[in-house]
Amino acid sequence: MQRIQISTKHAPAAIGPYSQAIRCGQFIFASGQAALDPTSGELVGDDIQAQTHRTLQNLQAVLTSAGTSLANVVKTTVFLIRMSDFQAMNAVYATYFSNVPPARSTVAVAELPKQALVEIECIAFVEE
């Protein structure tokens, strides 16, 4: 099966040797997004709510570039540096996934790139 690299200037550029997303068949495997400004690459927001909004906006930009949207996300993984931010992150997250929320794992990690508070990756499908 062919793998197609997905890239957009509307989301932060990869800060390592990875793709923003890969399309394989009807599925999009999006790399983790953090609250980075797509133009400057600098962290946006100093609290979990602001960072969760920017993170999901970046993820949406990658999915749009791939021909799909957050509505077609089937699985997410959320990485938090403080599990005490779970409820505040969840409140913002719920506004982006209101109909049928995707399956999700949420894990606490010691640190994220650029001192981000949250990172979110996902798997979505493209309707054909």
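Colleague: Which residue in β6 is the bridge partner of Val 78?
Modeller: Bear in mind that this is a predicted model. β4 covers residues 73–80 and β6 covers residues 118–125, and the two run antiparallel. Within that pairing, the β6 residue bridged to Val 78 is Ile 120.

Colleague: And how many bridges join β4 to β6?
Modeller: In the sheet order β1-β2-β3-β6-β4-β5, β6 and β4 sit next to each other. Their antiparallel pairing is held by a count of bridges that comes to seven.

Colleague: Which strands stand at the edges of the sheet?
Modeller: The sheet is open, with six strands and mixed pairing, and its twist averages 15° from one strand to the next. An edge strand has a single partner, so one of its sides is left without a neighbour in the sheet. That applies to β1 (3–6) and β5 (103–108).

Colleague: At about what angle does helix α2 run to β5?
Modeller: Start with α1, residues 48–65: that helix lies across β1, β2, β3, β4 and β6, at about 30° to β6. Helix α2, residues 86–96, lies across β4, β5 and β6. Its angle to β5 is about 150°.

Colleague: Now the salt bridge between Arg 82 and Asp 85: which of its residues is buried?
Modeller: There's one salt bridge in the structure, and the side chains of Arg 82 and Asp 85 meet in it at 3.2 Å, N to O. Buried means under 20% relative accessible area. Arg 82 has 38%, so it counts as partly exposed. The other residue has 11%, so the buried one is Asp 85.

Key: Residues numbered from 1 in each chain as written. Predicted model: local features only at pLDDT ≥ 70, side-chain atom pairs only at ≥ 80, totals over all residues. Heavy atoms only, no water. Pairing = 2+ DSSP bridges. Helix = DSSP H or I, 4+ residues; strand = E, 2+ residues; numbered from the N terminus. Axes fitted to C-alpha atoms, helices over the stretch in contact; angles between N-to-C directions. Contact = heavy atoms within 4.5 Å. Salt bridge = Lys/Arg side-chain N within 4 Å of Asp/Glu carboxyl O. Buried < 20%, exposed > 50% of the residue type's maximum accessible area, 1.4 Å probe, protein only.
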